[in-house]
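User: I would like a close look at a single part of this protein. Please describe the salt bridges and the nonpolar core in one connected account.

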Amino acid sequence: SQVGFEEESQNPPAVGHWKPLMPSKGDKEEPESGCQDAGGVHEPQSTEQLNVSRLRSSSVEIREKGSEFLRDELHKAQKELKLKDKECERLSKVREQLEQELEELTASLFEEAHKMVREANTKQAAAEKQLREARGKIDMLQAEVTALKTLVITSTPSSPNRELHPQLQSPSKAGFRKGHGRNKSTSSAMVSAASQNVAPEPVSRECKEVDSTLFAEFQAWKESPTLDKSCSFLDRIYREDVGPCLDFTKQELSELVRVAVEQNTLTIEPVASQAVPVGKVAAEERGGPKKCALSGLPRTCKHRIMLGDSGSYYYISPSCRARITAVCNFFTYIRYIQQGLVRQDVELMYWEVMRLRREMSLAKLGFYPSEM
């Protein structure tokens, strides 16, 4: 249309004739014949008609192509919708399946939890039953300990319990027993009984005053009880009491006795009239009933000792027996403290240790009970 307009502008119409720019919408009449006959007018009109027809054909072609494009897009959209519907249906099935699996899993978890609760209740009931049984056994053992405490704790060097120490009985009452009885510094029965809180026998009608140095050493040892004689508390007792009390004339045998007392392997038993076993060294080589093996002096020996499990016996006098027994009683008590079996006030334990030290001092000076 632009080309036609340019051509028209270049070729103006003849003078005396008027041509409208655009024909009216309802005007279908042919142009005047005078205009057609005019020279140079027919050719521009044909060009314009040709251009209009071209425009019309182009618009029709564009509409057809647009319609075809829209139809293609519509088909594509329909296909995509169908795919989306299928995907939604598939996802819906997956969701239903997951919900079903979740319900089954929840049910199985609840069942497992109930099962675990039942097992826990069963185990708890069994544990409570075992606890009741254990408490019953503890009560029974405590009753046994209570029955034994009188026999054990009340047995002291000054007033020994003859039922607990049969070797203290006279041969006529005790009689000969097969084997030998032991008088070790500790025993399992005494350890069990010493767990009760029983106060030692007080020193009657005496005035007592705590020595600050000795009490401080005992307190320091009580904080961490040990049998190592390098500590100040035991070092003093070894130097002042244990060493002198076990210092006999026969030095070699005295050292063996001291080691056996410390290791709790010394056995004391009363002398009985029996033949010397075959293979044993004759008693006369170790003093005999009429000579003490530790002092070397002629004494009537009512007891004999054995070091460990050697099977060799040494006859000892009543004085030597009193000295050994005093040291064994001291070691027994401090072992009780070390094992936590003595539940007393620190001062009471201190005075009991002092009483045992006094017994060792008296024994090393030659004082001993008549029944020995």
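Analyst: The model is predicted, and the account begins with one charged residue. Glu 255 is partly exposed, having a relative accessible area of 38%. The partner of Glu 255 is Arg 258, and the closest N and O atoms of this salt bridge are 2.2 Å apart. Arg 258, by contrast, is buried, with a relative accessible area of 17%. Both residues belong to helix α8, where a spacing of 3 residues separates them by about one helical turn.

This pair is one part of a wider set, for the whole structure contains 11 salt bridges. Several of the charged residues are connected to one another: Glu 217, Arg 236, Glu 240, Asp 241 and Arg 357 form a network of salt bridges. Within that network, the side chains of Glu 217 and Arg 236 meet at 2.9 Å, N to O. Glu 217 lies in helix α6 and Arg 236 in helix α7, so this salt bridge ties together parts that are 19 residues apart in sequence. Glu 217 is buried, its relative accessible area being 14%.

Arg 236 also forms a salt bridge with Glu 240, with 3.3 Å between the closest N and O atoms. Here the two residues are 4 residues apart in helix α7, and about one helical turn separates them. Glu 240 is partly exposed, at a relative accessible area of 31%.

The helices named so far also contribute to the nonpolar interior. The largest nonpolar core has 49 residues, and those with the most contacts inside it are Val 242, Leu 266, Leu 294, Ile 324 and Phe 330. Two or more residues of this core come from each of α6, α7, α8, β1, β2, β3, α9 and α10. Helix α9 provides the largest share, 11 residues. In soluble globular proteins, nonpolar side chains tend to be buried together.

Phe 330 shows how such contacts are arranged. Leaving aside residues up to four places away in sequence, Phe 330 touches Leu 234, Ile 237, Val 242, Val 353, Leu 356 and Met 360. Among these contacts is Val 242, itself one of the residues with the most contacts inside the core.

Nonpolar side chains are also found at the surface. Leu 102, Leu 105 and Leu 109 make a nonpolar surface patch of about 310 Å². Leu 109 is placed in helix α3, which covers residues 42-153, and is exposed, with a relative accessible area of 53%.

Terms used: Residues numbered from 1 in each chain as written. Predicted model: local features only at pLDDT ≥ 70, side-chain atom pairs only at ≥ 80, totals over all residues. Heavy atoms only, no water. Patch = residues over 30% accessible without salt bridge, like charges linked within 9 Å, V, L, I, M, F, W, Y side chains within 5 Å. Areas by Shrake-Rupley, 256 points an atom, 1.4 Å probe, with all protein chains shown as cover. Salt bridge = Lys/Arg side-chain N within 4 Å of Asp/Glu carboxyl O. Buried < 20%, exposed > 50% of the residue type's maximum accessible area, 1.4 Å probe, protein only. Core = buried A, V, L, I, M, F, W, Y, C linked by side-chain atoms within 4.5 Å. Contact = heavy atoms within 4.5 Å.
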